[in-house]
Amino acid sequence: MKLQWALATDTGRVRRVNQDSIYADGKLFAVADGMGGHAGGEVASKLAVETLSEIPSSERLAEAFRSSFSEANRRIMSEASHSEKLKGMGTTLTAALVTAEAGKEVFLVQNIGDSRAYFLHRGELQQITKDHTYVGELLRSGSITEEQAAHHSQRHVLTKALGVEATVDSDIFKVSPSPGDILLLCSDGLINHVTDGEIEKILMGGLPLQQRADRLIESANLSGGTDNISVILVEVLGLSSTGEDQDGSSPVELYQEKELETVVRRKPELLSIPRPIDKQAIVRGSRIFTLRVAAFLLLFLLLVGGVLISVQLYENHSYFVGDADGAVAIFHGHPGGLLWYSPSVVQVSSLQLDVLNSVEASAIKDKVPEPSLAAAESYIRNLKARVQQQNYVSNHPLGSAPTTTTTLGTGVG
Ligand code: MN
């Protein structure tokens, strides 16, 4: 099979770390979406794709592919049991293997969890995998509608994942491609924000494959990017097996017979699914929440403290000259007061308002702010000097100049 492929993964707009892991080597493609507190999610998803990548290429057949999921599960559970930090970690895993079945080149697509595989076949997009979620089960049993499922509060609760139980109950599908078809593997960070219709439109657009992958990530981010987003696009350029057209038969079929049995057997007990796994891991979520709240509170307190200190400083350095029962006086504080500070009288001068001219008197009544006590005192001194000068002039109508300007006078004379 001649292929080209493109990968893209992004932390999204909300999460701090990317717990998704992706892998592609031309024969094997995988997306894993890790969950669990601290580093757990990252470790689990990495372990999952690493285990897959270690299948020797000579053994890349259906059986090795199937058992690699069990091996990944074993490794994740073993790591988790040896570390307090990794306890409870798990991951989804959606993978595609390029192989041959009865002389025909096919993809085997294996899935556990709610990451998805889609197939764009002759311009039509279909979902290959079924979500192993509580809501997915409800949807398949007909208890809720597609619309209800899309907005269900528990749509992130998984019913299956790697790292949870000793046995792995994955689904395997066989996909028979035609040239031009595209296989898409993605984590739920894409699906939460981008509809199947939008995905189809982007895949059908004429952009280079990598740009189509980037566009998918961009779309999820533009509509919120609340989760890590990963996509792998695999485009079939050509097939070596002569392309006999299998018209009529579906290009996607269930491969693993075991799955047929389990689906039937499971139906009556759909609502008693053991141990649902909440991907918005409560421990991790609340830890981040408390850290964020603490950081916010600290910032808030610093801000309030800063404002209080500024007000205090501002208040301490505020004076004004005003009217205290007809006398010119210096007040400490802000005209009209500020927050809980009300101005207090510091000095009442001997200067009465009624000896001032109307302009001066009304300025004093309106209060004249001064930056310091000394400035306020000097303002009053100047007023007194002005009043004295006026008195001098009126008492000595023919006199030349008041004392303050005599030196100048003699200089000229
Ligand atoms: Mn996710």
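This report walks through a metal site, some aromatic pairs and two unusual backbone positions in a predicted model.

**The manganese site**

A good place to start is the manganese ion. Its protein donors are Asp33 (OD), Asp188 (OD) and Asp227 (OD), which lie 2.0 to 2.2 Å from the ion. Along the chain, these donors follow the spacing D-x154-D-x38-D. Two of them bring distant parts of the chain together: aspartate 33 sits in strand 3 (residues 28–35) and aspartate 188 in helix 5 (residues 188–191), 155 residues apart. If you look for this pair in the model, look inside, as aspartate 33 and aspartate 188 are both buried.

**Aromatic pairs**

Next come the aromatic rings, which form four pairs in this structure. One of them joins phenylalanine 65 and phenylalanine 69 in an edge-to-face arrangement, with 6.1 Å from centre to centre and 75° between the planes. Both residues belong to helix 2 (residues 62–81), where they are four residues apart, or about one turn of the helix. Phenylalanine 65 has a relative accessible area of 0%, so it is buried. Phenylalanine 69 is buried too, again with a relative accessible area of 0%.

Another pair is made by phenylalanine 296 and phenylalanine 300. Their ring centres are 6.5 Å apart and their planes meet at 20°, so this pair is stacked. Here the host is helix 9 (residues 282–316), and the two residues are four apart, separated by about one helical turn. Phenylalanine 296 counts as exposed because its relative accessibility is 56%, over the 50% cut-off. Phenylalanine 300 has a relative accessibility of 44%, so it counts as partly exposed.

**Two positive phi angles**

Finally, the backbone has a couple of spots worth a visit. Most residues other than glycine have a negative phi. Arginine 122, although not a glycine, has a positive phi of about 50°. Aspartate 325 is also a residue other than glycine, and its phi is positive, near 50°. The table shows where to find each of them and how accessible they are.

| Residue | Phi | Loop | Relative accessibility |
|---|---|---|---|
| Arginine 122 | about 50° | between strand 7 (116–121) and strand 8 (124–127) | 46%, partly exposed |
| Aspartate 325 | near 50° | between strand 15 (319–324) and strand 16 (327–332) | 82%, exposed |

Which loop should you open to see arginine 122? Go to the one between strand 7 and strand 8. For aspartate 325, turn to the loop between strand 15 and strand 16.

Key: Residues are numbered from 1 along each chain as its sequence is written. This is a predicted model: local features need pLDDT of at least 70, side-chain atom pairs count only at pLDDT 80 or more; totals for chains, interfaces and linings use all residues. Side-chain values use heavy atoms; hydrogens and water are left out. Donors are N, O and S atoms within 2.8 Å of the metal (3.2 Å for Na, K and Ca); water is not among the atoms, so sites may look incomplete. Buried means under 20% relative accessible area, exposed over 50%, partly exposed in between (1.4 Å probe, protein chains only). Rings of Phe, Tyr and Trp (its six-membered ring) pair if their centres lie within 6.5 Å; planes under 30 degrees apart count as stacked, over 60 as edge-to-face and the rest as tilted.
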